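Please work through the following exercises with the model open beside you, and try each task before you read its solution.

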Amino acid sequence: QYDHVKQGKRQPGSTFKPFVYTAAIDNGWTPCDEIVDQMKTFRYEENGEMKEWTPKNADWNYSYRSMTLRHALGRSINTVTAQLTEKVTAQKVVDYAKKMGITSEVKPVPSVGLGSSAVSVHDMVSAYAVFVNQGIWTEPMLVTRIEDRYGNIIHQFTPNQKQVLNPE
């Protein structure tokens, strides 16, 4: 009765980072642009309350080096992703995630790029498929056609599709 794929929601963590980098690249950044891996505290308002958040890297260390976006994504550097989120804006990251297929509520907070909002597996699969489908979002569906035992098509289903990103 409980659909773990569609109804179950978990924080996606670093698997949400590609949405930050997609928003950045689609808005003028390049994989060769650089950001320094350093500690930074973000101050923001959420529900009328002022909050602070200081991201840490997985190993709790900071290199204090300038690194390319390509390197930062490849190494899953939290501090660089958080700074990039600030530069492109958390709202734009949310907008791109939604455009790519995330239907769950995602809050536009500084930690959004590190996967702080709970989303379903169904949403993540739908959104990730945009990358391999050359920017085309395709509504996930379990059955694409029904055939009889001789291979004759009884009914064929066509998924909803739309171009949401530049194929490049």
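The exercises below concern a predicted model, and each task is followed by a solution in steps.

**Exercise 1. The nonpolar core**

Task: Find which residues of the largest nonpolar core touch the most other members, and state which helices supply at least two residues of this core.

Solution: Begin with the core itself, which has 30 residues, and among these F16, F19, V80, L84 and I102 touch the most other members. Next, look at the helices around them: α1 (17-25), α2 (69-74), α3 (78-88), α4 (90-99) and α5 (121-132) each supply at least two residues of this core. Finally, take F16 as an example and leave aside its neighbours within four places in sequence; the residues in contact with F16 then include V93, A97, I102, V106 and V112, and M124 is also in contact with F16.

**Exercise 2. A covered helix**

Task: Decide how many residues of α1 are buried, and name elements that cover them.

Solution: Go along α1 residue by residue, and you will find that eight of its nine residues are buried, so that the helix is mostly covered. The buried residues are K17, P18, F19, V20, Y21, T22, A23 and A24. The cut-off needed for this step is that a residue is called buried under 20% relative accessible area, and F19, with a relative accessibility of 0%, therefore counts as buried. As a last step, ask what lies over these residues: the cover of the buried residues of α1 includes α2, α3, α4 and α5.

**Exercise 3. Aromatic pairs**

Task: Classify the ring pairs F19 with Y128 and Y62 with Y64.

Solution: A pair of aromatic rings is described by two values, the distance of the centres and the angle of the planes. The structure holds five aromatic pairs. For F19 and Y128, the ring centres are 6.2 Å apart and the planes stand at 90°, so this pair is edge-to-face. This pair links distant parts of the chain, since F19 is in helix α1 and Y128 is in helix α5, 109 residues apart. For Y62 and Y64, the centres are 6.0 Å apart and the planes are at 55°, so this pair is tilted. The cut-off behind both decisions is that planes over 60 degrees apart count as edge-to-face, whereas those under 30 count as stacked and the rest as tilted.

To complete the picture, compare the cover of these residues: Y128 is partly exposed, with a relative accessible area of 34%, and Y62 is buried, with a relative accessible area of 16%. Ring pairs also link F16, F19, Y128 and F131 into a cluster.

**Exercise 4. Salt bridges**

Task: Describe the salt bridges E86 with K40, E52 with R43 and K107 with E46, and say where the partners of E86 with K40 and of K107 with E46 lie.

Solution: A search of the whole structure finds five salt bridges. In one of them, the side chains of E86 and K40 meet at 2.5 Å, N to O. Because E86 lies in helix α3 and K40 in the loop between β2 (34-36) and β3 (42-46), this pair ties together parts that are 46 residues apart in sequence. Both partners are partly exposed, E86 at 41% relative accessibility and K40 with a relative accessible area of 28%.

In a further bridge, the side chains of K107 and E46 meet at 3.7 Å, N to O. Since K107 lies in the loop between α4 and β6 and E46 in strand β3, the parts tied together are 61 residues apart in sequence. Here K107 is partly exposed, with a relative accessible area of 36%, whereas E46 counts as buried at 14%. A network of salt bridges links E46, K51 and K107.

The bridge between E52 and R43 has a distance of 3.1 Å, N to O. E52 is exposed, with a relative accessible area of 55%, and R43 is exposed as well, with a relative accessible area of 58%.

**Exercise 5. Two loop residues**

Task: Is S111 buried or exposed, and is L142 buried or exposed?

Solution: Start with S111, which is found in the loop between α4 and β6 (119-120). With a relative accessible area of 14%, S111 is buried. Not counting residues up to four places away in sequence, S111 touches W53 and S116. Then turn to L142, whose place is in the loop between β7 (136-138) and β8 (145-147). At 85% relative accessibility, L142 counts as exposed. L142 also belongs to a nonpolar patch on the surface, which M141, L142, V143, I146, I154 and F157 form with about 580 Å² of accessible area together.

Technical notes. Residues are numbered from 1 along each chain as its sequence is written. This is a predicted model: local features need pLDDT of at least 70, side-chain atom pairs count only at pLDDT 80 or more; totals for chains, interfaces and linings use all residues. Side-chain values use heavy atoms; hydrogens and water are left out. Patches are made of residues with over 30% relative accessible area and no salt bridge: like charges are joined within 9 Å, nonpolar side chains (Val, Leu, Ile, Met, Phe, Trp, Tyr) within 5 Å. Accessible areas come from the Shrake-Rupley method with a 1.4 Å probe; for residues, only the protein chains shown count as cover. A salt bridge is a side-chain nitrogen of Lys or Arg within 4 Å of a carboxyl oxygen of Asp or Glu. Helices (H or I, at least four residues) and strands (E, at least two) are DSSP runs, numbered from the N terminus. Buried means under 20% relative accessible area, exposed over 50%, partly exposed in between (1.4 Å probe, protein chains only). A nonpolar core is a set of buried Ala, Val, Leu, Ile, Met, Phe, Trp, Tyr and Cys residues joined through side-chain atoms within 4.5 Å. Contact means heavy atoms within 4.5 Å. Rings of Phe, Tyr and Trp (its six-membered ring) pair if their centres lie within 6.5 Å; planes under 30 degrees apart count as stacked, over 60 as edge-to-face and the rest as tilted.
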